[in-house]
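Q: Hey, can you walk me through a couple of spots in this model? Short answers are fine.

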Amino acid sequence: MNWANNPVPTFSRIASGPGRFRGGFAVGQWCCLFVCAGVMVLSALGVVSAGEMQPGLKQSLRMADSAVSGFTDARVSRLIAVYQLDNRAISPFLKPGRFVSRWEGVLNLKINDYYVFSARGTGRLEVRINGRIVVEHPGPDLNAARSEEIDLRKGANRIEVTYVSPASGDAEFRLYWWNPLQPEEPLSPELFAHDSGDPELIAGLKRREGRRLFADLRCVKCHVPESDFSETSMPELWADSPDLTGLGSRLNKDWVTQWILDPRALRADTRMPRVLNGTPDQQRVDAMDIAAFLDSVGEQGELHGTPGVL
């Protein structure tokens, strides 16, 4: 696409005559025909997937210089935008450096309309609408990136945006759209939807949830890695468990027994998991034994005059 010879759209169809609205589409008897035809076409193209569409867009991430063609991380994103400081990783599953971010999903409109897409930021950019490339800009300055006048149909329009961060400096990008009746603004997150059954997205979300559980459940307190954590590691990895010193003077032993048996039955948002195994009877006996021990611990961590028991 030759950006030097691509003038600002004139929107000649804004005065399309009587019987037309924004987007230049005749109303009345044609509406039913086009809506039905649109649903059939979108279904055939795999744009809509009944019962699987959820708010937001699928965002996939990988290193720009990676020899691996697939994406390393996937998540749900509200906006087509990114900001990342230089020499910082865009994802906990990527190293610092140049990265590729791709947003995929559908853009849902209530009426047929037409827009110009534009961008702000630095890097390289490609925007596809319903399979057609509408913006292709080599960068690094994306402020000149602009599409032609693009017709968008009522309902789901497939959108795919690929952004490559610059070779140096902060990575900054946001996608905009506008027409004569609407000022230039970012695309509203309320218009986005994605296929929640996408295998790559499911795998990415599971990996992220596993990482959260690993931190919340303090797994690292028992499973310590050979090398120290880096400065960019999760701060939760340094979090300590509550101090049990003087617990017997602060809590009721019966309550402690129930807490050890099933912490989330008493506090749904606690990070402590169930830690006992065996039959229910054996678990109760073990919980009572632990509670009895903790009940005997004094304010200085002493048991029966023995210092340093905790």
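Q: Which backbone atom lies 3.3 Å from a polar atom of the side chain of N157?
A: That's the backbone oxygen of G155. Keep in mind that this is a predicted model.

Q: And where is N157 found?
A: N157 sits in strand β10, which covers residues 155-164.

Q: Is N157 buried or exposed?
A: Buried: its relative accessible area is 1%, and the cut-off for buried is under 20%.

Q: What is N157 in contact with, leaving aside neighbours within four places in sequence?
A: Its contacts are G105, V106, L107, L109, N130 and L152.

Q: OK, switching to helices. How do people describe two packed ones?
A: By the angle between their axes and the distance between the axes.

Q: So at roughly what angle do the axes of α4 and α6 cross?
A: Roughly 130°, and the axes come within 8 Å. Helix α4 is residues 253-261 and helix α6 is residues 280-295. That angle makes α4 oblique to α6.

Q: Left-handed or right-handed crossing?
A: α4 passes α6 in a right-handed crossing.

Q: Which residues of α4 make the contact?
A: K253, V256, T257, Q258, I260 and L261. On the α6 side, the residues include R284, A287, M288 and A291. By class, the contact has nine nonpolar, three polar and three charged residues.

Q: Which residues of α4 are buried?
A: V256, T257, W259, I260 and L261.

Q: Last one: what happens at the start of α4?
A: There, a side-chain oxygen of N252 reaches to within 2.8 Å of the backbone nitrogen of D254.

Note on methods:
Residues are numbered from 1 along each chain as its sequence is written. This is a predicted model: local features need pLDDT of at least 70, side-chain atom pairs count only at pLDDT 80 or more; totals for chains, interfaces and linings use all residues. Side-chain values use heavy atoms; hydrogens and water are left out. Axes are lines fitted to C-alpha atoms, for helices over the stretch in contact, and angles run from 0 to 180 degrees between N-to-C directions. Helices (H or I, at least four residues) and strands (E, at least two) are DSSP runs, numbered from the N terminus. Angles under 35 degrees count as roughly parallel, over 145 as roughly antiparallel, 65 to 115 as roughly perpendicular and the rest as oblique. A crossing is left-handed if the near helix is turned anticlockwise from the far one by less than a right angle, and right-handed if clockwise. Contact means heavy atoms within 4.5 Å. Ala, Val, Leu, Ile, Met, Phe, Trp, Tyr, Cys and Pro count as nonpolar, Asp, Glu, Lys and Arg as charged, and the others, Gly among them, as polar. Buried means under 20% relative accessible area, exposed over 50%, partly exposed in between (1.4 Å probe, protein chains only). A polar contact is a pair of N or O atoms within 3.5 Å; within protein, one must be able to donate a hydrogen and the other to accept it, and residues adjacent in sequence count only if both atoms are side-chain atoms.
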